[in-house]
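Student: I would like to take a close look at one part of this structure and then see how the rest is built. Could you walk me through it slowly, with each term explained as it comes up?

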Amino acid sequence: MIGGISAASIGTAAYIVNTRKPGDNNDLLIHPQPPSISSPTKCDNNLKQIQKSKSTSSIDKKAAKLMSTVIKPGIEPYALTTTYTKNHATEEEIHEITDINKYMDKYPIIPLSQVREHYSPDVGDGTVWVTWKGGVYDVTQFMDHHPGKSIYCYSVQFKNVTMIVNQFRRFNTY
Amino acid sequence: MVGGNDLSGYWKIYTLHFREHIQELLQKYRIGNLTAEDRAIIEAESSLNNHYITDPPRDPNVTHADTITDDLIIASLHPYNAEPRDLKVLSDNFYTPNHLFWVRNHNAVPLIEEDEYSLEISGQHVNSIELSLKDLKTKFKKYEIPCTIQCAGNRQEDYNTTDNPLYVAPHWHNTAIGNAVWGGCKLRDVLKYAGLDVDGMSLGTKEYNDLNWVSFLGYDEDETGVQYGGMIPIEKAVDSWGDCLLVYEMNHTELPRDHGYPIRLIAPGHAGCRQVKWVKTIELLDQPSELDSGSKLDRHFAPNICFDKLRNEGHLDDKEEEELMATAPVIQTLPVQSIICDWENENDKELKIRGVAWAGGGKAIARCDVSINGGDSFKTAKIITPIKTTWNRNWSWVHFECKCELSEENKEKLKNGEEIDIQLVSKAVDDNFNAQPENMEPFYNVLGVCINHWKRVNVTIKPN
């Protein structure tokens with residue numbers, strides 16, 4: 001689909017596919033090519049390094065030490081990668097692009113019952129946790145800056161149900 | 001809702017999270033792992049009712065955010081955000097066709113029956129009244145006004161660089177801008193009907209110190225019932241030359257559902273985020289409304305404010321951050337903008353470059369300059385518009401067209417059958433003589449709004 005757009009729509013001119021500098025805009029008519037999943041990304045390289053380091057004997061001790069450390073949310077356990085793919089991907093693709101479980105060893109196992117207790121800033125210690133692909137995340141600090149803030153915790157039961165009812169009522173009357 | 005729960009059900013709908021830098025960001029908040037058994041249990045439980053079933057039918061080929069169809073780039077499906085793929089849509093049509101006009105929804109499109117629609121008006125110095133769609137169409141004179149609307153975040157993708165990823169949606173490329181003829185009644189006429197002395201206010205014979213804002217809330221709401229809202233200053237609303245409309249027509253046809261059927265506010269010259277769709281309530285206020293979505297999404301920060309600081313990673317305490325948020329101005333009008341849309345090689349000697357230019361707040365485009373050498377030298381383009389230029393009521397964009405002669409060196413190259421690589425630049429100047437800034441960095445702002453640095457396009461020209 002993307003390949004077909006190119007030459008026909010822009011007449012005599014064609015694009016240079018070059019490295020992107022801040023402020024440059026060279027994706028005028030043609031959307032950039034989605035990332036190739038088969039090619040190794042920086043994440044893959046990181047993963048390889050981690051796998052490599054796992055072969056050393058110290059890894060178990062290191063992991064045990066990390067698990068006993070309370071990791072505060074908001075503090076980076078590692079440097080963010082600096083190469084980002086530009087485009088969105090499907091759910092399957094994003095797992096291949098970013099293997100989020102490569103840092104798994106750094107964290108303790110948390111029982112499900114404990115996760116369920118952290119559903120609202122108004123209960124318990126006031127932290128809100130979510131899970132994603134087997135990881136547990138404390139998103140309390142992040143909530144205020146998320147466009148879907150209210151989805152995190154507000155109106156746990158009642159409003160949600162009325163919303164769904166209203167939605168169907170409207171849908172049915174159409 | 002999602003607190004203490006798994007994200008998988010939510011992100012099945014909100015697929016715009018499947019982006020590398022967003023996945024990486026989440027890792028900063030990781031505190032633990034689940035066992036495989038627990039993971040299976042919590043994932044099986046996670047589901048979010050698809051709130052978007054009321055949306056108009058969408059292209060079934062859209063599988064993920066940023067999907068390109070024949071006509072559009074779908075920045076996200078839930079909520080629906082789309083911009084025309086081909087920039088020539090802008091430069092070929094003075095009035096953008098409805099089906100190619102960009103759409104920025106914040107929530108699901110509400111399903112509103114014509115005879116069920118009701119508009120509530122209340123607040124300072126007006127009687128609380130309700131109006132039906134029929135009232136709006138029959139009780140007030142109809143006006144038709146050509147007006148360009150641009151999203152406050154147009155060109156956001158320019159900001160998303162590898163060393164400074166952008167965490168706000170919807171990552172527009174270039175075309176979250178369009179021009180249409182809007183038909184409807186004047187907001188000031190409706191406020192007058194509700195009892196506000198708009199004529200006295202306009203003439204200066206009546207002054208209200210406790211009336212400063214007009215707040216609009218839409219019928220659209222998120223899963224928890226939070227509505228989209230926007231505010232405009234009272235001066236704009238009552239100004240007879242401000243041309244604020246409550247519209248029910250777009251390009252002489254019924255307002256499409258994605259654009260706010262049955263009633264949308266058009267506040268000409270203001271940013272797209274102010275033009276509230278599916279208007280449900282109008283409230284006249286002394287103080288800014290807390291329900292104004294723009295107070296969260298559309299503030300302009302200094303370049304040194306980065307997402308980490310906003311995220312309060314030990315840099316600021318809650319109070320400081322709150323103050324910072326509150327002092328950053330909320331966007332109403334947008335700065336001068338120009339976008340190169342099309343170019344042609346004419347006989348290997350000249351390039352014909354076309355595009356659109358627009359300035360917020362009704363300012364006219366005084367000039368638009370075009371460069372074919374990366375901004376080393378400029379040539380003034382011809383401004384093309386079917387509309388008479390006025391003072392501060394220039395709501396529509398203008399087209400520009402410029403024939404630039406290639407350098408002798410490049411002409412020689414093309415003559416010899418070689419390709420040439422050049423950078424096209426456009427730079428518009430409004431009639432306040434404010435010009436587009438050369439570079440992005442000094443005006444970088446973390447929420448990605450008011451993006452108007454020189455439009456640069458790298459092109460390879462082939463011999464004719």
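Tutor: Let us begin with helix 2 of chain B, residues 20–27, where seven of the eight residues are buried, so this helix is largely enclosed by the rest of the structure. Here buried means under 20% relative accessible area, exposed means over 50%, and partly exposed lies in between, with a 1.4 Å probe and protein chains only; helices are DSSP runs of H or I with at least four residues, strands are runs of E with at least two, and both are numbered from the N terminus. The buried residues of helix 2 are B:Glu20, B:His21, B:Gln23, B:Glu24, B:Leu25, B:Leu26 and B:Gln27.

Before going on, note that this is a predicted model, in which local features need pLDDT of at least 70 and side-chain atom pairs count only at pLDDT 80 or more, while totals for chains, interfaces and linings use all residues. Residues are numbered from 1 along each chain as its sequence is written, chains are lettered from A and ligands numbered from 1 in the order in which they are written, and side-chain values use heavy atoms, leaving out hydrogens and water.

Two other helices can be set beside helix 2. B:Arg39 belongs to helix 3, residues 36–45, and with 27% relative accessibility B:Arg39 counts as partly exposed. B:Ser91, by contrast, sits in helix 4, residues 88–92, and is buried, its relative accessible area being 5%. Leaving out residues up to four places away in sequence, B:Ser91 touches B:Cys341, B:Asp342, B:Arg354, B:Gly355, B:Val356 and B:His399, where contact means heavy atoms within 4.5 Å.

Turning to the interior, the largest nonpolar core has 56 residues, and those with the most contacts inside it include B:Ile121, B:Leu136 and B:Ile282; such a core is a set of buried Ala, Val, Leu, Ile, Met, Phe, Trp, Tyr and Cys residues joined through side-chain atoms within 4.5 Å. Another core, of 25 residues, lies apart from it, and B:Leu351, B:Ile353, B:Phe400 and B:Ile461 are among its members. Between B:Arg39 and B:Ile282 there are 46 Å in space, C-alpha to C-alpha, and the two are 243 residues apart in sequence.

For the chain as a whole, buried residues make up 64% of the 464 residues in chain B, and its secondary structure comes to 12 helices and 24 strands.
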